[in-house]
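Dear colleague,

I am passing on the structure below, and after it I set out what turned up when its aromatic rings were examined. Please read the notes with the structure open beside you.

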Amino acid sequence: MPSADPLQEIEALREQLDAWNYRYYVLDEPSVPDAEYDRCMQRLLQLEAQHPDSQRTDSPSQRVGGEPLQQFNQVSHEVPMLSLENAFSAEDMQQFNRRLLDRLGDGTASLEYACEPKLDGIAVSLLYRDGVLQRGATRGDGTTGEDITHNVRTIRSIPLRLRGEGFPRLLEVRGEIYMPKAGFEQLNNRARERGEKTFVNPRNAAAGSLRQLDARITASRPLEMCCYSVGLVEGGVLPDRQAGVLAKLREWGLRINPESKVVQGVEACNDYFDDLAERRNSLAYDIDGIVFKVNALALQERLGFVSRAPRWAIARKFPAQEEITRLLDVEFQVGRTGAITPVARLEPVFVGGVTVSNATLHNSDEIERLGIRIGDSVIVRRAGDVIPQVVSVVLEKRPDNARTIQFPTRCPVCQSAIEREEGEAAWRCMGGLVCGAQQKAAIKHFVSRRAMDIDGLGDKLVEQLVDEGLVQNVAGLYALSKEQLLNLDRMGEKSADNLLAALEASKQTTLPRFIFALGIREVGEATALGLARHFGNWSELAAATEAQLLQVDDVGPVVADHLRQFFDSEASMGVVRALQAAGVNWPDIERLPQQDLPLAGQIWVVTGKLESLTRDEAKARLQALGAKVAGSVSAKTTCLVAGPGAGSKLAKANELGVEVADEQALQSLLAAHGVDI
Ligand code: 5U1
């Protein structure tokens, strides 16, 4: 884009960068590689430095300002920032709708509603004068908030100047600043690695990031904004419906929620709620409910307000994902690889739609980080399918008799020594297969559906087999006799026969399943499949050097080391030989180098709810076939796998003409390429 006139080039670069930002943040259509974006930004910074007269506060280069502030200034909201009335059920919604119809009293039979998710973030106001961002402020108490202009400027989904034309001279836009779940996880992982304090949830992380006097800190946090209404409007007119206002905001470069929709009548509101409740966990951000607003602004005006909430809007809330409960005790579990995991026993509490009485405390560092004691009141979070977490301690409620947690000094199951390798978080039992807990966990993994798939061998039975000394390792399963089985609790003739038949059937397996079933540390299904495809047979895999193992996509030095340790262990290889001697067998498979994998060079996206496997499992299988799996749909996407409840990604794929496959088509594809795990 270099041009003879540097000022012209500066303006062209600004327009280009603004356009890319708009495509990325508002249209959700990434259109430029990061490197190209960075090159243009560097060029702009260079030219602006050479031509100080060209400096403008709404230049895309001017997102992070100078020195940190000394304090936050207060801001008065000329139009108060309201809150919303809550509904908790479909009946509450019916009542709300009835109230509105009665109040309008003009015979209207059904109302049109604008619906959208209620983001779990921080409500803010943005003020634009002549299209240029002047001020960003928190909601505060609705009348007075704090000036956070320096921080909102760092958020790339907030335009520093509006696009296009026709915007009012003064336009105050309202919405929610939030942290997407993936960014939150990354931020917390980084904090954990550095031994720093983590954030309890994405909302607290967003609030903490906005409460910074130094905008450079805010700039380093993955924040985004979605707009949902306007406040002060002067010198211009807006459309006469909520949905029209949102469409205009989008045209002017502001992000609105892609799930926003207009529906007719309260039944349709409840359908919308049910649909999003089902998809809540698959959204990229936390939501705590759905907001319904009467779409026609003229009707909103007629309906008016009660104290601090409008009559024409309501938020129907989802079940809470965080609750307070009490830590009753901590138990220590020993896993398949000997890792000792502290598990919190909690006073049962209903959270995230289920009753939770256990939560993992991960490791001794986490216990220290939380500063948790037995008897403490704790906040438990369960978001979606994620295992419940203890996210913080309510120190004000600590009882006098709260007890510190003693981490064991020996394996709580077999009393062997425990060790912690340098750089590792987990303490491990050194007892190996002598340890009953490790024996049980290894066998449970071996028989599981995605490994050897042995029906009728549930956890309780595995525990009994080990406790009775009938089985010490996975090979022992194939030596079980009917008589031995019949001596076990609750084992009848038919169950014993079925179990023996299932064991017999499992002997004919596949190489990837067998590798996965061995439970080698950090060798999941995708890695097992990658190894099988790379080496084609067991003997070459077991003889591979570390350097040869590292050739396999997905295998890094740590996994290669775990694999070599397994193959060098006489005990482990003895078990493999015993399995083969018992008749466990598999055909060799065709070797395929990475670039020849059937989906090499393709980009896939998975969305919606899948029945037969989780989205992560689907992703691992597609990757094992050579595909790249992306998080969003773009023109470059090869195919979108869409399960029930697919929303904006499906709409986008249809709009862009991207191929869409359902779960059955995915399964056929996997099967056609010999991926059965
Ligand atoms: N999505 C959405 N969240 N939210 C919060 N819309 C919305 N509207 C709100 C609030 C407080 O207030 C309206 C009264 C503008």
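To begin with a question: are Trp 20 and Tyr 37 buried or exposed? Both Trp 20 and Tyr 37 are buried, and please keep in mind here and throughout that this is a predicted model.

A search of the whole structure finds 15 aromatic pairs. One of them is formed by Trp 20 and Tyr 37, a tilted pair with 6.2 Å from centre to centre and 45° between the planes. This pair links distant parts of the chain, since Trp 20 belongs to helix α1 (residues 6–26) and Tyr 37 to helix α2 (residues 34–50), 17 residues apart.

Another aromatic pair joins Tyr 178 and Tyr 285, which meet edge-to-face at 5.6 Å centre to centre, with 65° between the planes. Here too distant parts of the chain are linked: Tyr 178 lies in strand β7 (residues 170–178), whereas Tyr 285 lies in the loop between α9 (266–279) and β10 (287–294), 107 residues apart. Tyr 178 counts as buried because its relative accessibility is 2%, and Tyr 285 counts as buried because its relative accessibility is 9%, the cut-off being under 20%.

Further along the chain numbering, Phe 514, Trp 538, Phe 566, Phe 567 and Trp 586 form one aromatic cluster.

Finally, there are charges placed over rings. The charged end of Arg 163 sits over the ring of Tyr 22, at 4.1 Å from the ring's centre, while the charged end of Arg 316 sits over the ring of Phe 273, at 3.6 Å from that ring's centre.

With best wishes

Note on methods. Residues are numbered from 1 along each chain as its sequence is written. This is a predicted model: local features need pLDDT of at least 70, side-chain atom pairs count only at pLDDT 80 or more; totals for chains, interfaces and linings use all residues. Side-chain values use heavy atoms; hydrogens and water are left out. Rings of Phe, Tyr and Trp (its six-membered ring) pair if their centres lie within 6.5 Å; planes under 30 degrees apart count as stacked, over 60 as edge-to-face and the rest as tilted. Helices (H or I, at least four residues) and strands (E, at least two) are DSSP runs, numbered from the N terminus. Buried means under 20% relative accessible area, exposed over 50%, partly exposed in between (1.4 Å probe, protein chains only). A charge sits over a ring if NZ of Lys or CZ of Arg is within 6 Å of the ring centre and within 35 degrees of the ring normal.
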